[in-house]
Amino acid sequence: MPRCLLTWSDRTVTARGAPTTRHGSTDRGPVLRLLEHSDVEYQHVRLITSPRGEAPARELLAEIQARGIGGDLRLLPIRDPTDHGQIFSALDGVTTGLPTGPLDVCLSAGTPQMQTLWVILVEAGLLRARMLQVVPAAFVPSVHPHPIREVKLAIDGFPEIRALQEEVGRLRAASRRGMVGESLPMVALARRLGRVAHSDVPVLIHGETGTGKELAARAVHEASARARGPFVAENCGAFAESVLASELFGHERGAFTGANSRRRGLFEQADGGTLFLDELGEMSPRVQVTLLRVLQEGTLRRVGGERPVAVDVRVLAATNRDLQQMVAAGQFREDLYYRLSGAVLEIPPLRERHGDLERLVTHVLEEVGGPRPWPTRAAWQCLHRYRWPGNVRQLRAEVVRWTVFCDEVVDVEDLSPELRDPKEAVAPGVDSVVAASSAAAGDTPVTSTLAEAVFELERHMIDQAMTREGSLAAAARALAIDRNTLKRKLVRMGRR
């Protein structure tokens with residue numbers, strides 16, 4: 001059966017943008033070598049490269065198509081070809097649109113980091129493909145009997161592979177559906193989210209309004225084994241008690257006035273996938289009893305029905321109310337609470353992750369498109385002082401408003417009135433602590449939260465290390481962090 005080949009382009013460019021090749025005159029690279037010596041027929045080849053490598057990759061694509069093989073080129077938004085996280089995020093959806101049929105990936109093209117990501121994706125079960133390695137012509141005689149090797153890592157039971165799968169789940173969850181942020185609270189959330197995704201227990205998601213509880217639920221679903229199944233979301237507070245029961249569990253024809261036909265409920269619609277129930281605290285006691293029975297037995301009865309219906313659904317629930325307090329007050333069933341809280345995720349409010357503000361603003365501007373006005377230093381001070389009671393949802397609305405009323409710069413007078421109102425600023429005590437830490441670092445105190453104080457201290461230590469050590473690698477060793485991590489931090493700080 002004809003197969004598809006997914007591979008990075010083996011044609012690279014220099015730092016100045018000029019094409020270069022490491023292959024000799026008789027070896028035009030692993031991709032063409034694979035096509036020449038493979039014992040299978042390829043119907044389509046998808047080349048992947050960064051924007052910088054577009055021109056040489058198109059030359060390679062033309063050579064592939066000249067062989068009578070279909071092909072296309074995908075440009076991925078990759079700036080650093082050695083950044084695992086950046087490459088992983090860019091690979092999302094890379095197989096979309098490929099012809100149906102078995103898939104191969106070529107491990108011999110691209111940077112070592114790009115090659116590693118194929119192994120991670122295949123071994124973690126996120127990419128169903130056969131891994132192929134091309135024997136370099138420079139290391140073997142001109143005619144090699146078996147220049148193509150299939151790579152198999154049959155060590156799924158090893159703890160290292162299980163840890164690798166958890167890390168892939170964490171990366172996948174963090175990179176999907178707008179889960180933006182690298183502050184300490186978000187890093188901790190992403191790590192916990194990745195571990196939760198690989199289990200099948202119910203999950204209770206706590207968070208204030210606007211923090212992104214549904215985004216977290218979608219990330220759990222998409223990083224789980226149920227990712228190919230449906231994701232169904234509903235707000236329990238949007239329906240009256242009788243209507244909610246019908247929405248969740250369905251109804252039979254004639255069950256009540258207006259029930260002119262049988263209707264599948266949300267549980268049946270989510271069969272094989274995930275059901276996300278938002279505002280769980282608004283659910284009435286009668287519906288709580290029915291929900292508990294479905295969770296315990298895996299079966300339901302439609303409203304007005306007699307026959308049990310089996311369902312396979314993972315339930316994720318979210319609330320901004322204190323369910324433990326509701327249990328103590330007799331407003332929420334204790335047994336249902338413990339059934340739903342197999343794992344708990346706490347979504348941090350925006351006021352606890354001010355270090356992510358710039359990244360969130362950039363993300364929203366890219367998402368909206370059009371003008372990209374940027375706040376002045378004084379405007380940033382207002383944004384960092386504000387408590388953001390509406391959290392990320394409120395920030396998004398604010399940034400969208402800038403794209404309508406601002407051209408290139410967002411000044412203090414361009415902000416919404418409440419952002420300029422000191423009543424919604426953080427407590428003075430926090431400002432004084434941050435000012436003290438900034439003064440200790442020898443900088444002007446411009447921060448207002450713990451996250452900002454940490455950012456300023458980190459910036460100060462990195463600047464000192466770079467000045468003292470004189471090179472990126474030496475500074476990374478002195479700070480006991482990875483070289484690529486230091487590079488990303490320098491870019492984020494505007495130092496590179």
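The exercises below, each with a worked solution, concern a predicted model of a protein chain.

**Exercise 1. The chain as a whole**

Determine how many helices and strands the protein chain has, and what share of its residues is buried.

Solution. Begin with the secondary structure, which comes to 20 helices and 17 strands. Turn next to burial: of the 496 residues in the protein chain, 46% are buried. The accessible surface can then be added to the description, since it comes to about 24,900 Å², with 51% of that area belonging to carbon and sulfur atoms. Finally, consider how the contacts are spread along the sequence: among contacts with a separation of 6 or more, 69% are made by residues 24 or more positions apart.

**Exercise 2. The largest nonpolar core**

Find which residues touch the most other members of the largest nonpolar core, and which helix gives the most to this core.

Solution. The core holds 40 residues, and those touching the most other members are Trp8, Leu35, Ile64, Leu91 and Trp118. The next step is to ask where the members come from: β1 (3-8), α1 (30-37), β4 (42-49), α2 (54-65), α3 (84-90), β6 (103-106), α4 (112-123) and β7 (130-134) each supply at least two residues. Of the contributing elements, α4 gives the most, with five residues. The surroundings of Trp8 can then be followed in detail; leaving aside neighbours within four places in sequence, Trp8 is in contact with residues that include Val31, Ile48, Leu76, Ile78, Ile87, Leu91, Met114 and Trp118. As a last step, look beyond this core, where a second, separate core of 32 residues includes Val294, Val311, Val313 and Tyr337. In soluble globular proteins, nonpolar side chains tend to be buried together.

**Exercise 3. Two residues of strand β1**

Compile the surroundings of Arg3 and of Leu5, and decide for each residue whether it is buried or exposed.

Solution. Start with Arg3, which lies in strand β1. Its relative accessible area is 15%, and because buried means under 20%, Arg3 counts as buried. The side chain of Arg3 is joined to that of Asp104 by a polar contact of 2.8 Å. Apart from residues up to four places away in sequence, Arg3 touches Val40, Glu41, Tyr42, Gln43, His44, Pro102, Leu103, Asp104 and Arg130.

Continue with Leu5, which also has its place in strand β1 and is buried, with a relative accessible area of 1%. Although Leu5 and Arg46 are 41 residues apart in sequence, their C-alpha atoms are 6.2 Å apart in space. Once residues up to four places away are set aside, the residues that Leu5 touches include Leu34, Leu35, Tyr42, His44, Val45, Arg46 and Leu103.

**Exercise 4. Aromatic pairs**

Classify the ring pair of Trp374 and Trp380 and that of Tyr386 and Trp388, and describe the burial of each partner.

Solution. A search of the whole structure finds six aromatic pairs. In the pair of Trp374 and Trp380, the ring centres are 5.4 Å apart and the planes stand at 65°, so the pair is edge-to-face. Trp374 is partly exposed at 34% relative accessible area, whereas Trp380, at 10%, counts as buried. For Tyr386 and Trp388 the centres are 4.9 Å apart and the planes are at 85°, so this pair is edge-to-face. Here Tyr386 is buried with a relative accessible area of 3%, and Trp388 is buried with one of 0%.

**Exercise 5. Helix α8 and its surroundings**

Identify the buried residues of helix α8 and the elements against which they pack.

Solution. Within α8 (residues 241-249), the buried residues are Leu244, Ala245, Ser246, Glu247, Leu248 and Phe249. These buried residues pack against β10 (231-235), α9 (266-269), β11 (274-278), α10 (285-297) and β12 (299-300). Moving past the helix, one reaches Gly250, which follows α8 and has a positive phi, near 80°.

**Exercise 6. A glycine in a loop**

Locate Gly390 and list its contacts beyond its neighbours in sequence.

Solution. Gly390 is found in the loop between α14 (377-385) and α15 (391-405), and at 22% relative accessibility Gly390 counts as partly exposed. The C-alpha atoms of Gly390 and Pro349 are separated by 8.9 Å, with their positions 41 residues apart along the chain. Leaving aside neighbours within four places in sequence, Gly390 is in contact with Thr209 and Gly210.

Conventions
Residues are numbered from 1 along each chain as its sequence is written. This is a predicted model: local features need pLDDT of at least 70, side-chain atom pairs count only at pLDDT 80 or more; totals for chains, interfaces and linings use all residues. Side-chain values use heavy atoms; hydrogens and water are left out. A nonpolar core is a set of buried Ala, Val, Leu, Ile, Met, Phe, Trp, Tyr and Cys residues joined through side-chain atoms within 4.5 Å. Buried means under 20% relative accessible area, exposed over 50%, partly exposed in between (1.4 Å probe, protein chains only). Helices (H or I, at least four residues) and strands (E, at least two) are DSSP runs, numbered from the N terminus. Contact means heavy atoms within 4.5 Å. A polar contact is a pair of N or O atoms within 3.5 Å; within protein, one must be able to donate a hydrogen and the other to accept it, and residues adjacent in sequence count only if both atoms are side-chain atoms. Rings of Phe, Tyr and Trp (its six-membered ring) pair if their centres lie within 6.5 Å; planes under 30 degrees apart count as stacked, over 60 as edge-to-face and the rest as tilted. Accessible areas come from the Shrake-Rupley method with a 1.4 Å probe; for residues, only the protein chains shown count as cover.
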